Amino acid sequence: MAQKELSNFFEDYIKKESLFINKKALQESYTPKNIPHREEQINQTASILAPVLRLEKPSNLFIYGKPGSGKSLTMKYVTSSLLETAKKNKIQIKIVYLNCKLKRVSDTEYRLIAELTRALGKDVPATGLPTEEVYKLFIKKLEEEKTLLIIILDEIDQLVNKIGDEILYNLTRLNSELKNSEVSFIGISNSLFFMNDLDPRVKSSLSEEELVFPPYNAIQLQSILRQRAELTFKKGLVEEGVIEKCAAYAAREHGDARKALDLLRVAGEIAERKDQSKILIKNIDEAEEKIERDRVLDIINTQPKQFNLTLYSIFHLCQNSSKPVFTGDVYESYKEACSKGGTRPLTQRRVSDIIAELDMLGIINAKVISKGRYGKTREIRLEIPQSTIPNINDLLKKGLDL
DNA sequence: CGAGATTCATGTGAAGTATACCTTTAGGCTTAA
DNA sequence: AAGCCTAAAGGTATACTTCACATGAATCTCGTA
């Protein structure tokens, strides 16, 4: 684009009418004024948490539900309203929200407690202190505050999966060490079976109350989408059938409302970028691909180099064959990639763990199988659509200097 | 032919190592009385 | 002598390695029908 044209482009851009009135309404951070189809869960949560307003410790709460079934949103909605009321009536309470699966933030016991302590306003070093010491710091700070603290642990199943359930036991014991303050927990889990193989002591104390969020069905998804679409887009800009298709896509994935909203938002962005006057059905397919690509790119950007090298090797192998790949092949390819990129390769033991973690991230599917006489290995398949691979592969290659 | 032993390729657990960072402490230097 | 700074000592968490043992079904072996 020549320079003159560039300024014209910007001029035009200003004049051009946006398809969006308020893009925020489709973003993940947005909390709508009312949450349809979750009235019951809201009421229950509210009545479970209400005792804090009388400075009584509420029951610990455990919440189950598939991704995008409104768990986090409902919690955010209820707690923010709770905080408001508490503030108005000058009641000392605090609420901390933590997502346990965030890598390098709160995916170990130390880091989780450290993060909690930081949330109370006390800085804790990233490493070096004994974990026990951080517990003490946390307790001391909390005692100073003299408050009722509600800790929300999102995706707690992932954490326990990784480091075991001892941490939950330690957490539930916190109250016995506190005199001036109290702690309540809200655990959020994607897996319905998470509680099954947990230490019974933890189980009983952590889930004094339980709540299940059923997935949305297609009709409910449609009404959610309509409500948000009205806030986001000008009237009549959404082609007939778009909402239905978004809902259908998401319903196929266990009623994931977040996915549905993402689809609609990204479809809107694509339509706008293409200078369309309407959002078309075909934009949704484009949106789906873009979302998938962005998700993978996000993972690539946040993972350490060794993970990306492993991932690159897997892509590399999967591109050339539709058959599943095995650990040994990946490791060979990985070593090669390392020598090309001038990195010292990790041991196979470690790469095996990395593959398992990539599986957890949902980017690949690695199942442990036995091939009888020919040993035991992981059978690795990609969990992302073939069409997005070449694209990502190039980016990875560049990022790794191969 | 079928039950049990064998085998392979790697999963997996435990313990050890390297690194980066923390607190404590002892020594050395400066400063002020 | 008191105060302050620095460096060493002793400690921890985390990512990774090393070592050793566990797995589990296809294949082999061998006794039996």
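**Contacts with two DNA strands and the packing of helices**

A polar side-chain atom of Ser352 sits 3.2 Å from a phosphate oxygen of DNA strand B. This contact comes from a predicted model, and it makes a handy starting point for a walk along the protein surface that faces the DNA.

Around DNA strand B there are 16 residues, and the closest of them are Thr327, Gly328, Arg349, Lys376 and Arg378. Of the strand B atoms that come within 4 Å of the protein, sugar and phosphate account for 69%. Gly328 takes part through its backbone: an N or O atom there lies 3.0 Å from a phosphate oxygen of DNA strand B. Gly375 also uses a backbone N or O atom, but its partner is a base oxygen of DNA strand B, at 3.1 Å.

Which elements supply at least two residues each of the surface near DNA strand B? They are α14 (327–341), α15 and β8 (376–382). The strand β8 gives the most, with 3 residues. Sorted by class, the surface near DNA strand B holds 4 nonpolar, 8 polar and 4 charged residues.

Attention now turns to the other DNA strand. DNA strand C is surrounded by 20 residues, with Thr108, Thr131, Thr347, Arg350 and Lys376 as the closest. Lys376 is thus listed among the closest residues for strand C and also for strand B. How much of the part of DNA strand C within 4 Å of the protein belongs to sugar or phosphate? The share is 78% of the atoms, and the rest belong to bases.

Three polar contacts show how the protein meets DNA strand C. A polar side-chain atom of Thr347 lies 2.7 Å from a phosphate oxygen of the strand. In the side chain of Lys376, an N or O atom is 3.2 Å from a sugar or linking oxygen of DNA strand C. Leu129 contributes a backbone N or O atom, which lies 3.5 Å from a sugar or linking oxygen of DNA strand C. The elements that give two or more residues to this surface are α4 (109–119) and α15 (348–360). The surface near DNA strand C is made up of 6 nonpolar, 8 polar and 6 charged residues.

The helices named so far also pack against other helices. Two packed helices are described by the angle between their axes and the distance between the axes. For α14 and α15, the angle is about 110 degrees and the axes are 11 Å apart. That makes α14 roughly perpendicular to α15. Their crossing is right-handed. On the α14 side, the contact involves Thr327, Gly328, Val330, Tyr331 and Tyr334, which meet Gln348, Val351 and Ile355 of α15. This contact has 5 nonpolar and 3 polar residues, with no charged ones. Thr327 and Gly328 therefore appear in two settings, because they belong to this helix contact and are also listed among the closest residues to DNA strand B, where being near means a heavy atom within 4 Å.

The helix α4 has a partner too. Its axis and that of helix α7 (residues 166–177) come within 10 Å and cross at roughly 30 degrees. Angles under 35 degrees count as roughly parallel, so α4 and α7 are roughly parallel to each other. The crossing of α4 and α7 is right-handed. Here Glu109, Leu112 and Ile113 in α4 meet Ile167, Asn170 and Leu171 in α7. The residues of this contact divide into 4 nonpolar, 1 polar and 1 charged.

A further helix pair completes the picture. The axes of helix α10 (residues 242–252) and helix α12 (residues 281–302) come within 8 Å, crossing at roughly 35 degrees. What is the handedness of the crossing of α10 and α12? The crossing is right-handed. From α10, the contact draws on Val242, Lys245, Cys246, Tyr249 and Arg252, while α12 brings Ile281, Ile284, Asp285 and Glu288. By class, the contact of α10 with α12 has 5 nonpolar and 4 charged residues, and no polar ones.

Terms used:
Residues are numbered from 1 along each chain as its sequence is written. Chains are lettered from A and ligands numbered from 1 in the order in which they are written. This is a predicted model: local features need pLDDT of at least 70, side-chain atom pairs count only at pLDDT 80 or more; totals for chains, interfaces and linings use all residues. Side-chain values use heavy atoms; hydrogens and water are left out. A polar contact is a pair of N or O atoms within 3.5 Å; within protein, one must be able to donate a hydrogen and the other to accept it, and residues adjacent in sequence count only if both atoms are side-chain atoms. Helices (H or I, at least four residues) and strands (E, at least two) are DSSP runs, numbered from the N terminus. Ala, Val, Leu, Ile, Met, Phe, Trp, Tyr, Cys and Pro count as nonpolar, Asp, Glu, Lys and Arg as charged, and the others, Gly among them, as polar. Axes are lines fitted to C-alpha atoms, for helices over the stretch in contact, and angles run from 0 to 180 degrees between N-to-C directions. A crossing is left-handed if the near helix is turned anticlockwise from the far one by less than a right angle, and right-handed if clockwise. Contact means heavy atoms within 4.5 Å. Angles under 35 degrees count as roughly parallel, over 145 as roughly antiparallel, 65 to 115 as roughly perpendicular and the rest as oblique.
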